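Reader: I would love a close look at a single part of this model. Could you pick one spot and walk me outward from there?

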Amino acid sequence: MNLPDPPSPAGPERPSDAAQGPEPAPAARPGPGGMRASDADRDKVADRLREALADGRITAEEHAERIDAVYKAKTYAELEPVLADLPGGGGPAPSAPVDAAGRAPAAPPRTEPGTAVAILTETKRAGRWLVEPQSHANVLLGKVMLDLRQAVLSQREVTINCSCVLGEVEIIVPPGVRVLCSATAVLGQVEIPFDDPEDPDPPTVRITGFTLLGQIGVRRRAVGEASLSERVKQIAEERVHDHLLGHERRREAVRDAREQHRRAVEEAREERIRSRDQRREHLRELRDERRRHRH
């Protein structure tokens with residue numbers, strides 16, 4: 001969960017203007033065109049000039065002059081005239097600014113409607129989204145799930161007003177967030193975590209409203225932590241997979257046993273046929289031998 005930037009603390013008292021003298025004007029921040037160009041930017045412009053030369057758009061003399069100007073340029077503004085009369089327009093755009101750790105600034109949070117409605121359905125908000133100072137969750141025979149773990153609070157304390165009839169409102173907050181609840185339950189249930197953070201001034205989520213024959217539940221989970229139902233589902237899926245795998249292995253074992261039995265029966269049958277043929281052959285030889293002795 002992210003919070004708006006706190007106001008900067010007041011600095012020490014400044015001496016009077018008469019004692020300090022005229023205050024110097026702040027240095028103007030250069031625009032995008034005044035930013036320094038890198039070697040990679042100059043190389044990109046040089047590549048486009050080589051393509052223009054190969055296409056016959058500029059002559060060899062113009063190419064040499066422009067290449068010289070490219071590698072003498074120090075800012076983006078000095079690179080723009082070199083490509084101004086070529087297809088594609090000016091020079092390269094300045095790179096996105098980065099912070100001290102070398103990371104690009106985070107994209108602004110997406111804006112969601114102030115009221116989440118679920119009627120005979122389920123509505124879910126998660127990821128990086130902006131939580132308004134006053135939000136509403138209206139449920140009728142449905143479910144609204146508000147995941148605040150990566151959300152951005154518009155102020156240090158926000159209020160979520162719930163109107164839940166025969167449904168469920170689930171709110172997920174990260175560790176370090178205080179939850180205050182004044183919601184009422186009529187033949188229903190309101191459940192909030194009681195492990196308040198130790199910070200004396202933590203970000204606060206206030207829950208108001210009511211539930212009738214329904215449930216309002218606030219869960220505290222870290223980013224990436226699975227819920228109990230998700231863990232149960234994962235365990236059940238693993239057990240079903242193991243059961244199916246064991247069942248498949250048993251089926252393979254039965255198939256192997258049947259195949260071995262079939263082979264054994266086939267070999268026994270072939271052995272009986274060979275024995276029968278050998279006996280017939282032996283009897284034929286004996287009969288032939290007796291006939292020879294008679295003659």
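Author: Happy to! Let's begin with Thr 204, which counts as buried because its relative accessibility is 2%, and the cut-off for buried is under 20%. Please keep in mind that this is a predicted model. Thr 204 lies in strand S13. Leaving aside residues up to four places away in sequence, Thr 204 touches Arg 156, Glu 157, Val 158, Arg 178 and Leu 180.

Strand S13 (204-212) also takes us to the surface: S13 and strand S2 (115-119) each supply at least two residues of a nonpolar patch. The members of that patch are Val 117, Ile 119, Leu 120, Leu 140, Leu 141, Leu 166, Val 186, Leu 187, Phe 210, Leu 212 and Leu 213, and together they have about 1000 Å² of accessible area. One of them, Leu 140, sits in strand S5 (residues 134-140). Leu 140 is partly exposed, at a relative accessible area of 37%.

From here we can turn to a sheet. Five strands make up an open sheet with parallel pairing, in the order S3-S6-S9-S14-S12. Strand S3 (122-125) and strand S12 (189-191) are at the edges, and each has a single partner strand, so one side of each has no neighbour in the sheet. On average, neighbouring strands of this sheet are turned by 10 degrees against each other, direction ignored. Within the sheet, strand S6 (residues 143-147) pairs with strand S9 (residues 168-173) in the parallel sense, over five bridges. If you would like a residue pair to look at there, Asp 147 has Ile 172 in S9 as its bridge partner.

Conventions:
Residues numbered from 1 in each chain as written. Predicted model: local features only at pLDDT ≥ 70, side-chain atom pairs only at ≥ 80, totals over all residues. Heavy atoms only, no water. Patch = residues over 30% accessible without salt bridge, like charges linked within 9 Å, V, L, I, M, F, W, Y side chains within 5 Å. Areas by Shrake-Rupley, 256 points an atom, 1.4 Å probe, with all protein chains shown as cover. Salt bridge = Lys/Arg side-chain N within 4 Å of Asp/Glu carboxyl O. Helix = DSSP H or I, 4+ residues; strand = E, 2+ residues; numbered from the N terminus. Buried < 20%, exposed > 50% of the residue type's maximum accessible area, 1.4 Å probe, protein only. Pairing = 2+ DSSP bridges. Axes fitted to C-alpha atoms, helices over the stretch in contact; angles between N-to-C directions. Contact = heavy atoms within 4.5 Å.
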